[in-house]
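Me: I'd like to go through this model and ask what stands behind each label. Could you set the values against the cut-offs for me?

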Amino acid sequence: QWYQRRVRGMIIRSSARTLCSIAYRHSFKYNSKPFLFDNKPLSVFSTLSYQKRYMSSIRYLTQKEATLVDEELMNESSGFHMEQLMELAGLSVASAILEVYPPNGGRSDNVLVICGPGNNGGDGLVAARDFKHFGYSHVDVFYPKRTDKPLYHDLVKQAKGIGAHFLDELPNEEEISRRYGVIVDALFGYSFKGDIRPPFDSLIKEINRISASSKIPIASIDIPSGWDVEKGNVNGLGFEPSLVISLTAPKLCMKHFKGRHFLGGRFVPIDLDKKLDLHLPQYPGSSQHVEIFNQQANY
C-alpha cells in the first residue's frame, strides 16, 4: 500500500507539472491570460523549479537603483534616447490598459489622462495618442503644468493631431462620473520625493474621492503618484489605483500594492538585465506588457 500511494503521488505530481506547462505555454503562444485556479495563475501550483524556468523572480528597485537603470539605458553602450524610451513606455501603458479596461461602448470608450510636468507626464501624452489608435472614441488630457521643452510640445501636437482633447480645467464630479471609463494617472514617476505640492495635492484628493464614489478605476504609470517610491503610500495622500503599469522594472513601493500589476517597457538589453540582476520576466508573444504576480517578487 505504501508503494502504491507513492506511485500515485508521483503520477499526480507529474500530471500537475504537465498541465501547468501546457497552460503557461498556451498563454504565451496565444497572447492570452494565464489559466486561473482559485483566482490565481495556474503556475503558482507548479514546482519551484518550474516557476524559475518560466518566470524568474523580479527585482524591485530603490529610487537610486531606478535612476541607475535609466542612466545605463541612455549611455553610449545601450544607445537609447529619451524619446525612444518614452514612446515604448507609453505604448506599453496603453496596451496594458486596453487589456484590462477595453472600450466596450458607453463610458468605457472614454479615457481621462492626467499628466504631470516630467517624464511620467510625457509617457501619459504618448499613451493618450495610442488610446486613439486603439479605438477609444474620446480621449481627454488634463495637463495643468506643462513642460516647456520641444519634446513635450511635439507630444502635445501629436496627441491633438490624432484627436485627443486637452482640457483647460478638470471636469466636475458629475461630468467625470458620466463620461469616463478609466482615469490614467501620469503625474509623478519614480523620481518623486517630498510632499505633494499644489495644485497636485488637491487634484489627487479630488480624483480619489470621485473614483471611490463613482467606481471609476484609476490606472497609474510606473508608481501611484504621491507614493514614496520605496515605502508606498505612507501618508495616505497618494493616488489609490486599481491598476499600475510599472516601467522597465518595478519599484520597491509596489510590494505594498494590492491591485493588478503589469510591467511594461520592453526594451532592456539582455546584458543590462544580467549586469544589474533585474531578473525581468519573459514577455508573451509580441505583447508590450506582462502581468506580475506576488509570488514573482524579489524584494
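Reply: Gladly, and please keep in mind that this is a predicted model. A good place to start is strand β9, which runs parallel to strand β10 (residues 260–264) and is joined to β10 by five bridges.

Me: What makes β9 and β10 a pair?

Reply: Two strands pair if there are at least two bridges between them. Five bridges join β9 to β10, so the pair meets the cut-off of at least two. One of the partnerships is that of S246 with L263 in β10.

Me: How do you know that β8 and β9 pair?

Reply: By the same reasoning: three bridges join β8 to β9 and the strands run parallel, so the cut-off of at least two is met. Here S220 stands opposite V244 in β9.

Me: Why is β9 called largely enclosed?

Reply: Because five of the five residues of β9 (residues 243–247) are buried, the strand is largely enclosed by the rest of the structure. L243, I245 and L247 point one way, V244 and S246 point the other way, and all are buried.

Me: Which strands pair with β7, and over how many bridges?

Reply: Strand β4 (residues 110–115) pairs with β7 in the parallel sense over five bridges, and I114 stands opposite D185 in β7. Strand β8 (residues 218–221) also runs parallel to β7, with three bridges between them; there, V184 has A219 as its bridge partner. Both counts, five and three, satisfy the requirement of at least two bridges.

Me: What makes β7 mostly covered?

Reply: Five of the five residues in β7 (residues 182–186) are buried. V182, V184 and A186 point one way and I183 and D185 the other, and all of them are buried.

Me: Why is S92 called buried?

Reply: Buried means under 20% relative accessible area. S92 has 0%, so S92 is buried. This residue lies in helix α4, and leaving aside neighbours within four places in sequence, S92 is in contact with I245, L247, G264, G265, Q288 and H289. The C-alpha atoms of S92 and S287 are separated by 8.2 Å, while the two residues are 195 residues apart along the chain.

Me: How do you know that E72 is buried?

Reply: The relative accessible area of E72 is 14%, and the limit is under 20%, so E72 counts as buried. E72 lies in helix α3 (residues 63–73), where the buried residues are Q63, A66, V69, D70, E72 and L73. Among what covers those buried residues are α4 and α9 (270–275). Not counting residues up to four places away in sequence, E72 touches S78, L272, K275 and L276.

Me: Why do the side chains of E72 and N75 count as making a polar contact?

Reply: Their distance is 3.2 Å, and a polar contact needs a pair of N or O atoms within 3.5 Å. The distance of 3.2 Å is therefore inside that cut-off.

Me: Why is R209 called partly exposed?

Reply: R209 has 40% relative accessibility. Buried would need under 20% and exposed over 50%, so R209 falls in between and counts as partly exposed. R209 lies in helix α8 (residues 200–214).

Me: What makes R209 and E173 a polar contact?

Reply: The side chains of R209 and E173 are joined at 3.0 Å, so the limit of within 3.5 Å is met. C-alpha to C-alpha, R209 and E173 are 9.2 Å apart in space, and they are 36 residues apart in sequence.

Me: How many residues line the largest pocket, and which are closest to its centre?

Reply: The largest pocket holds about 630 Å³ of space. It is lined by 34 residues, of which N119, N120, G189, Y190 and S191 are the closest to its centre. Elements giving two or more residues to the lining are α3, α4 (82–100) and α5 (119–133). By class, the lining has 19 nonpolar, seven polar and eight charged residues.

Me: And what does the whole protein come to?

Reply: Its secondary structure comes to nine helices and twelve strands. Of the 299 residues, 49% are buried. Among contacts with a separation of 6 or more, 72% are between residues 24 or more positions apart.

Methods. Residues numbered from 1 in each chain as written. Predicted model: local features only at pLDDT ≥ 70, side-chain atom pairs only at ≥ 80, totals over all residues. Heavy atoms only, no water. Helix = DSSP H or I, 4+ residues; strand = E, 2+ residues; numbered from the N terminus. Buried < 20%, exposed > 50% of the residue type's maximum accessible area, 1.4 Å probe, protein only. Polar contact = N/O pair within 3.5 Å; in protein donor to acceptor, adjacent residues only side chain to side chain. Contact = heavy atoms within 4.5 Å. 1 Å grid on protein atoms, 1.4 Å probe; cavity = no way out; pocket = protein on both sides within 12 Å on 5 of 7 lines; lining within 4 Å. Points joined across faces, edges and corners; volume = space filled by probe spheres on them. Nonpolar A, V, L, I, M, F, W, Y, C, P; charged D, E, K, R; others polar.
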